[in-house]
Amino acid sequence: MTTQMDLDMVHLRLILVSGKTQDFTFSPNDSATDIAKHVFDNWPTGWEEERVSSPSILRLIFQGRFLHGNVTLGALKLPPGRTTVMHLVARETLPEPNSHGQRNREKTTESNCCLLL
């Protein structure tokens, strides 16, 4: 039986680099840091080989972008009551928000055009 509380929660399916998955449920007010700490504290039994030494190096990737620590699930406008897939990786540092594309543009001097014949 589904309750109203279940419908208000955000269900995440986290995928490791190894391909292993695990489902978790969070509040829309939970941040990326909260999620990393919860996963670290409740590390799934099938993930022993991927265990990390600290929750501070766990990073979430959603739609190809790293989520910075204070971003909440509600801010991402994830649909409550439905399952959203995210990747979970171990990484010491994160790129600055929106800096990746800018850095790439600064490094290149070549053209990005294409000629179709």
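Contact, as the word is used here, means heavy atoms within 4.5 Å. Helices (H or I, at least four residues) and strands (E, at least two) are DSSP runs, numbered from the N terminus. The model is predicted: local features need pLDDT of at least 70, side-chain atom pairs count only at pLDDT 80 or more, and totals for chains, interfaces and linings use all residues. Residues are numbered from 1 along each chain as its sequence is written, and side-chain values use heavy atoms, with hydrogens and water left out.

The helix α2 offers a starting point. Its residues Ala-32, Ile-35, Ala-36, Val-39 and Phe-40 are buried, a term for under 20% relative accessible area, against over 50% for exposed and partly exposed in between (1.4 Å probe, protein chains only). Viewed down the axis of α2, the buried residues fall within an arc of 130 degrees, so they line one face of the helix; the arc is that of the directions from the helix axis to the C-beta atoms. An α-helix has 3.6 residues a turn, so residues three or four places apart point the same way. The cover over the buried residues of α2 includes β1 (10-15), β2, β3 and β5 (83-90).

These elements also appear in the largest nonpolar core, which has 23 residues. Such a core is a set of buried Ala, Val, Leu, Ile, Met, Phe, Trp, Tyr and Cys residues joined through side-chain atoms within 4.5 Å. Leu-12, Leu-14, Val-39 and Met-86 touch the most other members. Two or more residues come from each of β1, β2, α2, β3 and β5, and α2 gives the most, with five residues. Leaving aside residues up to four places away in sequence, Met-86 touches, among others, Leu-12, Leu-14, Leu-60, Phe-62 and Leu-73.

Aromatic rings form a further theme. Across the whole structure there are three aromatic pairs, where rings of Phe, Tyr and Trp (its six-membered ring) pair if their centres lie within 6.5 Å; planes under 30 degrees apart count as stacked, over 60 as edge-to-face and the rest as tilted. Phe-24 and Trp-47 are edge-to-face, at 6.4 Å centre to centre and 65 degrees between the planes. This pair links distant parts of the chain, with Phe-24 in strand β2 (residues 21-26) and Trp-47 in the loop between α2 (32-41) and β3 (58-62), 23 residues apart. Phe-24 is buried at a relative accessible area of 9%, and Trp-47 is buried at 2%. Trp-47 also pairs edge-to-face with Trp-43, at 5.3 Å and 75 degrees. Ring pairs join Phe-24, Phe-26, Trp-43 and Trp-47 into a cluster.
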